[in-house]
Amino acid sequence: MRGINFAQRRPDTSLFTMDSKDSLPFHVVIDNCIFQGVDSNDPTAAVVYLNSPKLTASISHTTFQTNKVALGALAIITTGGNITLNAVQFSDNIGLQATGVAGFNLVMTNSSLLAIDLLLENNTNPGMGSAMVIVSTQSSSNFTNLSVKHNIAETNPVSVSLILNDTFYMTGSSFVNNTANATSGGALGANIATGCSFIIEGSAFNANQAVTDAGAMEVVNTGGSVTITQTTFANNTGGNQGGAVRLSNSDSSITNVTNCNFNNNTGISGGALASFSNHWALTNVIDVVFINNHANSGGALYTDVTDQ
């Protein structure tokens with residue numbers, strides 16, 4: 001579909017649904033469309049819902065705005081699929097349940113996601129990710145120029161929630177003024193499984209806040225490899241551990257924070273960065289600049305290593 005404006009106020013279910021159990025390849029192209037004003041109380045509804053194995057979906061120059069749904073403005077479930085998003089905007093959407101999301105919701109296995117020039121702005125949700133949730137198994141996610149700003153997670157953490165058992169790469173992206181009103185990870189939360197590779201480079205996190213830990217980003221690494229490089233964290237506030245970043249590392253995980261800048265972040269323990277590890281985990285902080293960060297313990301950096 002191309003060049004269509006979908007405006008519908010109260011559908012009984014999703015506005016556009018493709019739900020196939022067929023093992024044959026399925027192709028969907030959405031280009032230059034607007035999906036707006038959908039308002040549904042159905043707990044299984046999204047604005048656009050795509051559920052198919054071997055799905056090839058290309059969505060470009062499309063806007064999802066001012067929708068109120070449970071599963072997200074765009075919800076995709078696939079195994080063996082290839083998803084491409086280019087210049088897609090999610091703005092002013094509202095999620096309606098704690099297990100859902102307001103913006104983009106992706107569950108994929110043995111699949112790939114390529115996302116370029118995504119904008120996630122002013123989305124609100126009581127659930128696990130107000131703007132975007134990705135649950136990924138043996139798949140790859142690649143983001144370039146992702147912009148996440150002014151999103152609010154009301155009762156559960158983060159604007160962007162990632163549950164990963166695969167490869168994640170993000171570059172040239174920005175997270176600005178996102179809020180977790182009840183828990184941790186104001187802008188981004190990632191759970192990294194054994195064998196997973198998680199890389200963020202050349203990005204910026206500015207003026208994000210969380211009521212508890214990790215004003216900008218919380219990473220739970222249980223055996224994967226995490227690299228955060230050439231990235232700036234400025235003016236973020238965490239209510240407890242990690243004004244900007246909280247790292248939780250265990251089970252032979254490796255985390256590298258290199259060539260980053262932490263400026264004017266505030267927390268209780270670790271004004272810029274708080275790192276918690278067992279003795280099997282390795283955390284490296286190399287060529288990092290800390291300027292004007294504030295905390296009661298560890299104004300710049302707080303570490304805690306246990307024998308367990």
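Helices (H or I, at least four residues) and strands (E, at least two) are DSSP runs here, numbered from the N terminus. With that in hand, the loop between strand S13 (119–121) and strand S14 (124–125) is where Asn122 lies, and we'll come back to that spot further down.

A word on the ground rules. This is a predicted model, in which local features need pLDDT of at least 70 and side-chain atom pairs count only at pLDDT 80 or more, while totals for chains, interfaces and linings use all residues. Residues are numbered from 1 along each chain as its sequence is written, and side-chain values use heavy atoms, with hydrogens and water left out.

**The overall picture**

The protein chain has 35 strands and zero helices. Buried residues make up 52% of its 308 residues, where buried means under 20% relative accessible area, exposed means over 50%, and partly exposed is in between (1.4 Å probe, protein chains only). The chain exposes about 11600 Å², and carbon and sulfur atoms supply 50% of that area; the areas come from the Shrake-Rupley method with a 1.4 Å probe, and for residues only the protein chains shown count as cover.

Now for contacts, meaning heavy atoms within 4.5 Å. Taking those in the protein chain between residues at least 6 apart in sequence, 86% join residues at least 24 apart.

**The nonpolar core**

A nonpolar core is a set of buried Ala, Val, Leu, Ile, Met, Phe, Trp, Tyr and Cys residues joined through side-chain atoms within 4.5 Å. The largest one here has 62 residues, and Leu85, Phe143, Phe198 and Phe205 touch the most other members. Strand S18 (residues 160–171) gives the most to this core, with five residues.

Phe198 is worth a look. Leaving aside its neighbours within four places in sequence, its contacts include Leu162, Leu164 and Phe168, along with Leu188, Ala190 and Ile192. Val219, Ser225, Val226 and Thr227 are also in contact with Phe198.

**A buried charged trio**

Call it a salt bridge when a side-chain nitrogen of Lys or Arg is within 4 Å of a carboxyl oxygen of Asp or Glu. By this rule the count comes to two, and here they are:

| Pair | N to O distance |
|---|---|
| Arg246 and Asp213 | 3.7 Å |
| Glu218 and Arg246 | 3.6 Å |

Salt bridges that share partners join Asp213, Glu218 and Arg246 into one network. Arg246 counts as buried because its relative accessibility is 13%, and Asp213 is buried too, with a relative accessible area of 12%. Glu218 is likewise buried.

Where do these residues sit? Arg246 is in strand S29 (residues 245–249), and Asp213 is in the loop between strand S24 (209–210) and strand S25 (217–221), 33 residues apart. Glu218 is in strand S25, 28 residues apart from Arg246.

The strands tie in as well. Two strands pair if DSSP finds at least two bridges between them. S25 and S29 pair in the parallel sense over five bridges, with Asn249 in S29 as the bridge partner of Asn221. On to the next pairing: S29 and strand S32 (residues 273–278) also go parallel over five bridges, and there Ala274 in S32 is the bridge partner of Arg246. Four of the five residues of S29 are buried, so this strand is largely enclosed by the rest of the structure.

**Cysteines**

How many disulfides does a search of the whole structure find? Zero, taking a disulfide as a pair of cysteine sulfur atoms within 2.5 Å. Cys33 counts as buried at 1% relative accessibility, and Cys196 counts as buried at 1%.

**Loops and backbone oddities**

Most residues other than glycine have a negative phi. Asn122 has a positive phi of about 60 degrees although it is not a glycine, and this residue counts as partly exposed at 31% relative accessibility.

Ala207 also has a positive phi of about 60 degrees without being a glycine. Its place is in the loop between strand S23 (204–206) and S24, and Ala207 is partly exposed, with a relative accessible area of 28%.

Back to the Asn122 loop, which has a visitor: Asp92 is in contact with Glu121, Asn122 and Asn123, as well as Thr66 and Asn67, leaving aside neighbours within four places in sequence. Asp92 itself lies in the loop between strand S9 (82–91) and strand S10 (94–95), and counts as partly exposed at 37% relative accessibility. The C-alpha atoms of Asp92 and Glu121 are separated by 6.6 Å, with the two residues 29 apart along the chain.
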